[in-house]
Amino acid sequence: VYSATDDKTQTLAKGEGNTVEIEASYSDVDYTIELLQNRFIWFDEEEMTDPLVIDKGLQHQAVDMYNTANKKAIAEFKKATNKVTVTKFDFNAFVDGVAGFTALNIAEARENGDLGIFALVHKNDVAEIRKELGTSLQYIEAYQRTGYIGSVNGVNLFNSALATEGEIALATKQAVTYFVKKGAEVEQERDANIRKNTAYLRKSGIFALTDQNYIVKLVRGA
């Protein structure tokens, strides 16, 4: 996990030099590769009755796998320690949060064609945000996605049931890495005697918080 010190840029007069410097470091964190697997069972008679039920079950395997992986990814975001304490989630709070990212961080995110800086907002904080931000909350058509609330100060806000109430994580995709050990695979087996079919969907890998320079938490407090 990589990290670097903040607030080390100084304003200097003629003849003066820096008295502090930015320090970068990393720490080793052990992770165990996880196997994600689900299964769906159906009988031939069910397919004869309504084949759409079988189709829905097979489709939901991928959806359920994605939801489980998403929970694990957000759990890693929650491990971040870079925090900014704010009294309320207003425009100034997001300005302070974005200040925790360097211009290089933002530029890298945009060059990668992703969402840039995004924020995960708990459903109970959405109303407060909309009231506090008012017209500062812009809706950008290019970022229309599930749970999209709007954008403020270059941050794209998303409603997430997995977020922590009273805490908003501002991050880019570089903060958490998904190490894929083995991609998604599907395996199917059949018990011909009783006409039973079983489909397995599995994936091996691990989500890990690898760079805390790409995530800052806004924490509502005194």
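Trainee: At the start of α2, which residue has a side-chain oxygen that reaches to the backbone nitrogen of Leu 52?
Mentor: Keep in mind that we're looking at a predicted model. Helix α2 covers residues 51-77. At its start, the backbone nitrogen of Leu 52 has a side-chain oxygen within 3.1 Å, and that oxygen belongs to Asp 50.

Trainee: What span from first C-alpha to last does α2 reach?
Mentor: Start with the count: α2 has 27 residues. At 1.5 Å a residue you'd expect 39 Å. The model comes out close to that, with a reach of 40 Å.

Trainee: Which element gives the most to the lining of the largest pocket?
Mentor: That pocket has a volume of about 930 Å³. Of the 28 residues lining it, the closest to its centre are Tyr 66, Asn 70, Ala 73, Ile 74 and Leu 120. β5, β7, β9 and β10 are among the elements that each supply at least two lining residues. The top contributor, with ten residues, is α2.

Trainee: How many residues in the lining of the largest pocket are nonpolar?
Mentor: Let's go by class. Four of the lining residues are charged and seven are polar. The nonpolar ones number 17.

Trainee: Are the residues of β8 buried or exposed?
Mentor: β8 runs over residues 167-171. Glu 167, Ala 169 and Ala 171 point one way, while Ile 168 and Leu 170 point the other way. Whichever way they point, five of the five residues fall under the 20% cut-off in relative accessible area, so they are buried.

Trainee: In β8, which residue is the bridge partner of Phe 118?
Mentor: Look at β5, residues 117-121, where Phe 118 sits. β5 and β8 run antiparallel and are joined by three bridges. Across from Phe 118 in β8 is Ala 171.

Trainee: And which residue in β11 is the bridge partner of Ala 169?
Mentor: Here β8 pairs with β11, residues 215-220. The pairing is antiparallel, over five bridges. In β11, Ala 169 has as its partner Lys 217.

Trainee: Which element gives the most to the lining of the largest cavity?
Mentor: There's one cavity of 30 Å³ or more in the structure, and the largest cavity holds about 80 Å³ of space. Its lining includes Ile 74, Phe 77, Glu 167, Ile 168 and Ala 169. The elements giving two or more residues to that lining are α2 and β8. With three residues, the one that gives the most is β8.

Trainee: How many charged residues are in the lining of the largest cavity?
Mentor: Lys 78, Glu 167 and Lys 217 are among the lining residues. By class, six are nonpolar and one is polar. The charged count is three.

Trainee: Asn 153 is not a glycine, so what is its phi?
Mentor: You'll find Asn 153 in the loop between β6 and β7. Asn 153 is partly exposed, at 34% relative accessible area. Its phi is positive, at about 50°.

Trainee: Where does Arg 195 lie?
Mentor: Arg 195 also has a positive phi, about 60°, although it is not a glycine. With 35% relative accessibility, Arg 195 counts as partly exposed. As for its place, that's the loop between β9 and β10.

Key: Residues numbered from 1 in each chain as written. Predicted model: local features only at pLDDT ≥ 70, side-chain atom pairs only at ≥ 80, totals over all residues. Heavy atoms only, no water. 1 Å grid on protein atoms, 1.4 Å probe; cavity = no way out; pocket = protein on both sides within 12 Å on 5 of 7 lines; lining within 4 Å. Points joined across faces, edges and corners; volume = space filled by probe spheres on them. Helix = DSSP H or I, 4+ residues; strand = E, 2+ residues; numbered from the N terminus. Nonpolar A, V, L, I, M, F, W, Y, C, P; charged D, E, K, R; others polar. Expected span 1.5 Å × (residues − 1). Polar contact = N/O pair within 3.5 Å; in protein donor to acceptor, adjacent residues only side chain to side chain. Buried < 20%, exposed > 50% of the residue type's maximum accessible area, 1.4 Å probe, protein only. Pairing = 2+ DSSP bridges.
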